[in-house]
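Biologist: Thanks for joining me! Could you take me through this model and tell me what lies behind each label?

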Amino acid sequence: MIYRPIVLDEEIKFSKKKFIVSKTDIKGRIIFINKNFSEISKYSEEELIGVAHNVVRHPDMPKAIFYLVWQNLLAGNKISGVIKNLAKDGRYYWVIADLEPKFNSKGEITTLTAFRRAAPQDVIDTTEELYATMLAIEKKHGMEKSLAYLEGFLEENEMNYNEFIEELIKPKGIIAALLATFKRMFG
Ligand SMILES: Cc1cc2nc3c(=O)[nH]c(=O)nc-3n(C[C@H](O)[C@H](O)[C@H](O)COP(=O)(O)O)c2cc1C
């Protein structure tokens with residue numbers, strides 16, 4: 001049984017130097033987490049290993065975002081996104097997540113890795129508005145329509161998803177350097 005907390009409208013803030021790392025198998029079951037993951041999500045390592053990654057799924061997240069995540073990962077591509085996660089205590093924390101597949105020597109995907117960092121307020125503000133609209137569309141008309149809305153939104157801004165995300169979340173300065181080190185250590 002997956003534990004589902006009562007959702008609170010309270011944010012967990014954490015240092016932008018604290019990267020949250022997890023790895024999953026190709027079904028999205030967690031096989032590795034770092035200490036920051038436990039500390040921020042409030043789940044112990046024992047509670048996380050072996051369970052589906054949707055353990056931290058927040059009900060404010062549109063399905064369409066995870067559809068895009070999985071579509072890209074299983075096609076062998078990296079993808080980044082802004083995600084609102086749900087901690088065990090019911091509070092939420094916003095992250096910028098870089099997700100990537102890892103391959104064996106035959107070119108088959110073996111594991112999926114995620115590196116997350118705290119999302120700055122301006123990123124949260126833009127994303128929150130977009131996701132709220134997408135979620136409302138999903139509830140009324142289904143995921144296809146919310147994907148179409150996202151496409152329309154991107155077209156209006158003359159960008160594809162990757163360009164939009166890159167523009168929105170590009171890490172800078174010390175954070176970019178620290179993140180690169182982390183990816184080397186845990187990648
Ligand atoms: C490496 C990796 C990391 C993920 N990280 C998160 C995460 O931090 N939060 C989240 O809600 N979903 C994350 N997901 C997506 C989940 O697997 C899942 O698709 C999502 O929570 C939606 O749940 P659902 O498919 O049951 O609707 C991750 C998936 C992978 C492969």
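Biologist: Which residues does Asn85 touch, not counting residues up to four places away in sequence?

Modeller: Asn85 touches Ser41, Val56, His58, Tyr92, Tyr93 and Val95. Contact here means that the two C-beta atoms, placed from the backbone, lie within 7 Å. A word on the ground rules: this is a predicted model, where local features need pLDDT of at least 70, side-chain atom pairs count only at pLDDT 80 or more, and totals for chains, interfaces and linings use all residues. Residues are numbered from 1 along each chain as its sequence is written.

Biologist: Why is Asn85 called buried?

Modeller: Asn85 has 22 C-beta neighbours inside 10 Å. A residue is buried if 20 or more other C-beta atoms lie within 10 Å of its own, exposed if 12 or fewer, and partly exposed in between. Asn85 therefore counts as buried. Asn85 is found in strand S3, strands being DSSP runs of E with at least two residues and helices runs of H or I with at least four, numbered from the N terminus.

Biologist: What makes the largest nonpolar core, and which residues have the most contacts inside it?

Modeller: Such a core is a set of buried Ala, Val, Leu, Ile, Met, Phe, Trp, Tyr and Cys residues joined through C-beta atoms within 7 Å. The largest one has 29 residues, and Val95 and Ala119 have the most contacts inside it. Strand S4 (92–103) is among the elements giving two or more residues to this core, and S4 gives the most, with five. Leaving aside neighbours within four places in sequence, Val95 is in contact with residues including Ile20, Ile83, Asn85 and Ala119.

Biologist: How do you know that the protein is as compact as a globular protein of its length?

Modeller: The radius of gyration, taken over C-alpha atoms, is set against a globule rule of 2.2 Å times the number of residues to the power 0.38. The protein has a radius of 16 Å, close to the 16 Å that the rule gives for 187 residues, so it is as compact as a globular protein of that length. It holds seven helices and five strands.

Biologist: Which residues come nearest to the ligand?

Modeller: Gly28, His53, Asn54, Arg57 and Ala114 do, out of 19 around the ligand; a residue is near if its C-beta atom, placed from the backbone, lies within 6 Å. The largest share of this shell, four residues, comes from H3.
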